[in-house]
Amino acid sequence: MRPVVVIGAGPQGLAAAAHLIERGLEPLVLEAGDGPAASVADWGHVRLFSGWSELVDGAAQRLLEPTGWKAPTAAADGTQYPTGSEWIESYLAPLAQELGERVRYGSRVVGVARKGRDLSVDAGRDSEPLVVQLRRGDGAEARVEASAVIDASGTWTTPNPAGAEGLPALGETAARETGVVATRIPNADEAQSLAGKHIVVVGNGHSAATAITALADVAKREPETHVSWVLRRGTVGNTFGGGAADELPERGALGQRAGRAVRHGDVEMVTAFRTERIELVDGRAALTAEDGRTLEPADQVYVLTGFRPDLTFLTEVRLDLDLRLQAPAKVATEVDPNEHSCGSVRATGAADLAHPESNFYIVGAKSYGRAPTFLALTGYEQVRSVVAEIAGDREAAARVDLVLPDTGVCGGAGDFDAPAGSQLSGACCAPAPAQPQSVELGLSPAAR
Ligand SMILES: Cc1cc2nc3c(=O)[nH]c(=O)nc-3n(C[C@H](O)[C@H](O)[C@H](O)COP(=O)(O)OP(=O)(O)OC[C@H]3O[C@@H](n4cnc5c(N)ncnc54)[C@H](O)[C@@H]3O)c2cc1C
């Protein structure tokens with residue numbers, strides 16, 4: 001029996017493997033990093049805004065429980081919100097360990113194709129297996145034949161640049177090589193090491209808000225620290241998130257903390273700044289916008305402008321991708337910030353994730369393409385449905401039981417230059433509830 005190849009041992013790839021085992025299918029998980037959830041490990045110091053009950057997949061839980069593993073309910077700080085590192089330590093690493101040899105580390109997928117056929121050939125596409133080409137850490141290359149491929153490689157490894165039009169700003173690539181421009185989220189120690197310096201954060205999202213709150217704490221303690229928060233859009237708009245209207249309270253609170261730092265003067269907002277050029281000046285980085293404004297040179301720049309999917313290894317498979325988001329077309333209609341001004345998005349399953357290339361699926365964070373609103377819960381429902389489809393259980397594949405929480409935010413990347421005061425530039429179209437509402441999250445028992 002040919003394995004189902006899963007690309008990436010992140011939360012979604014590992015969950016897919018658990019579902020495959022439950023269905024009697026053989027997974028082979030190929031992971032570029034040296035350990036489980038290598039991308040989550042990169043931001044391991046960041047506290048998630050999802051609680052434990054939203055972070056564990058049902059099939060993974062059923063696989064783990066017979067080993068004596070207990071589903072975590074509390075984080076080390078006593079809340080229900082673990083850090084990325086705790087997510088790995090208490091759940092993802094034990095899951096990867098249970099999967100054993102089915103997970104291969106140091107195995108970067110560099111190509112997927114239909115056996116013996118390039119993209120242009122029609123004949124045999126439905127009868128021949130898929131072929132996955134991988135490169136190991138020592139440079140050796142290998143190929144694996146697969147009955148199906150589930151691409152769960154995420155988007156963390158392909159961050160967007162600072163350049164306003166999606167291209168690196170002039171000089172940005174060279175500045176990144178020196179380290180003065182980085183795409184990571186600073187932890188508390190790194191933020192503290194920048195006390196008294198000028199730090200620029202470029203971007204409008206949860207990662208940027210996380211960096212801003214860490215740096216604002218330093219600026220509060222050491223007021224000579226100068227933190228500039230650079231936005232491409234003309235108004236602050238929904239930069240501070242949905243607040244009380246966000247049905248994930250910790251996600252709402254994160255934006256509110258960043259907003260308070262701005263109101264208290266710990267952080268300076270720079271709006272309508274479309275970065276065109278980054279010049280190195282005595283080891284510091286000076287950002288210049290399209291309109292000619294130049295910021296005071298920064299000792300450190302964090303570019304946190306979101307992510308995009310890596311499609312370089314998918315050139316030989318026939319994909320149905322949305323032009324704007326580079327997400328599976330039917331998923332994009334659900335999550336496109338140009339279309340969706342308010343409210344929650346519908347959960348997506350195998351029918352939404354199918355491509356003209358049979359038995360090939362993109363799931364997890366990568367299935368949202370450039371849209372920023374992916375949640376682990378979304379992915380767990382996707383992999384349940386996709387694996388049911390691969391196993392031939394059409395009824396289970398078609399069933400979608402998950403209701404996703406509302407962000408409480410209007411618009412996204414698509415409204416970056418909406419005029420001040422327009423509906424799309426506001427935090428939320430719907431009036432915020434006077435009291436936080438109780439919302440049931442998670443998969444229904446039938447879906448788990
Ligand atoms: C700072 C931050 C905070 C977040 N907080 C939350 C939260 O609170 N709640 C929530 O639900 N979601 C949150 N998310 C979204 C989060 O990323 C996802 O829920 C989850 O990590 C997505 O899992 P994934 O498996 O799809 O992708 P990833 O976690 O990105 O995993 C992809 C894996 O694929 C591997 N890989 C990449 N390319 C290749 C290749 N070519 N070959 C082989 N392997 C490859 C990577 O090394 C990685 O291990 C957050 C994201 C960030 C960045």
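In helix 4, the residues Gly84, Glu86, Trp87, Ile88, Tyr91, Leu92, Leu95, Ala96 and Leu99 are buried. This is a good place to begin a walk through the structure, which is a predicted model. What lies over these buried residues? The cover includes helix 1 (11-22), helix 2 (38-42), helix 3 (58-64), strand 3 (103-104) and helix 11 (376-390). If you follow helix 4 (residues 84-99) along its length, you will find a kink of about 40° at Leu92, shortly before the proline Pro94. After helix 4 comes Gly100, with a positive phi near 55°.

Two of the elements just named, strand 3 and helix 11, lead on to a sheet. Five strands form this open sheet in the order 3-2-1-7-15, and their pairing is parallel. At its edges stand strand 3 and strand 15 (360-362), each of which pairs on one side only. Further in, strand 1 (residues 4-7) and strand 7 run parallel and are joined by four bridges. Look for Val6, which stands opposite Ile150 in strand 7. Helix 11 packs on this sheet, where it touches strand 1, strand 7 and strand 15, and its direction makes about 170° with that of strand 7.

Now turn to another sheet. Here three strands form an open sheet in the order 4-5-6, with antiparallel pairing. Strand 4 (107-114) and strand 6 (141-146) each have a single partner strand, so one side of each is left without a neighbour in the sheet. On average, neighbouring strands of this sheet are turned by 25° against each other, direction ignored. How many bridges join strand 4 to strand 5 (residues 130-136)? There are seven, and the two strands run antiparallel. At Arg114, the bridge partner in strand 5 is Leu130.

Charged side chains offer another way to trace the chain, as the structure holds 19 salt bridges. One of them joins Glu145 and Arg2, whose side chains meet at 2.9 Å, N to O. Because Glu145 lies in strand 6 and Arg2 in the segment before strand 1, this pair ties together parts that are 143 residues apart in sequence. Glu145 counts as partly exposed at 26% relative accessibility, and Arg2 counts as partly exposed at 41%. A second salt bridge brings together the side chains of Asp122 and Arg318, also given as 2.9 Å, N to O. Asp122 lies in the loop between strand 4 and strand 5, and Arg318 in the loop between strand 14 and helix 9, so the pair ties together parts that are 196 residues apart in sequence. Asp122 is exposed, at 58% relative accessibility, while Arg318 is partly exposed at 23%.

Is the salt-bridge residue Asp151 buried or exposed? Asp151 is buried, with a relative accessible area of 0%. Asp151 forms a salt bridge with Lys366, and their closest N and O atoms are 2.7 Å apart. The pair links distant parts of the chain, with Asp151 in strand 7 and Lys366 in the loop between strand 15 and helix 11, 215 residues apart. Lys366 is buried too, with a relative accessible area of 1%. Elsewhere, salt bridges that share partners join Arg2, Lys115 and Glu145 into one network.

Aromatic rings come next, with a count of four aromatic pairs. In one of them, the rings of Trp156 and Phe307 have centres 5.2 Å apart and planes at 35°, so the pair is tilted. Trp156 sits in the loop between strand 7 (148-151) and helix 5 (172-178), and Phe307 in the loop between strand 14 (300-303) and helix 9 (329-335), so the pair ties together parts that are 151 residues apart in sequence. Both Trp156 and Phe307 are buried. In the pair of Tyr368 and Phe374, the ring centres are 5.3 Å apart and the planes stand at 85°, so this pair is edge-to-face. Tyr368 and Phe374 are buried as well.

Our last stop is strand 12 (residues 275-281), which holds Thr275. Thr275 is buried, with a relative accessible area of 2%, and among the residues that it touches are Ala162, Glu165, Val230 and Leu287. Most residues other than glycine have a negative phi. Ala272, in the loop between strand 11 (268-270) and strand 12, has a positive phi near 55°. Asp282, in the loop between strand 12 and strand 13 (284-289), also has a positive phi, of about 50°. Ala272 is partly exposed at 34% relative accessibility, whereas Asp282 is exposed at 79%.

How values were computed
Residues are numbered from 1 along each chain as its sequence is written. This is a predicted model: local features need pLDDT of at least 70, side-chain atom pairs count only at pLDDT 80 or more; totals for chains, interfaces and linings use all residues. Side-chain values use heavy atoms; hydrogens and water are left out. Two strands pair if DSSP finds at least two bridges between them. Axes are lines fitted to C-alpha atoms, for helices over the stretch in contact, and angles run from 0 to 180 degrees between N-to-C directions. Rings of Phe, Tyr and Trp (its six-membered ring) pair if their centres lie within 6.5 Å; planes under 30 degrees apart count as stacked, over 60 as edge-to-face and the rest as tilted. Buried means under 20% relative accessible area, exposed over 50%, partly exposed in between (1.4 Å probe, protein chains only). Contact means heavy atoms within 4.5 Å. The bend at a residue is the angle between axes fitted to the seven residues ending there and the seven starting there. A salt bridge is a side-chain nitrogen of Lys or Arg within 4 Å of a carboxyl oxygen of Asp or Glu. Lists of a residue's contacts leave out its neighbours within four places in sequence.
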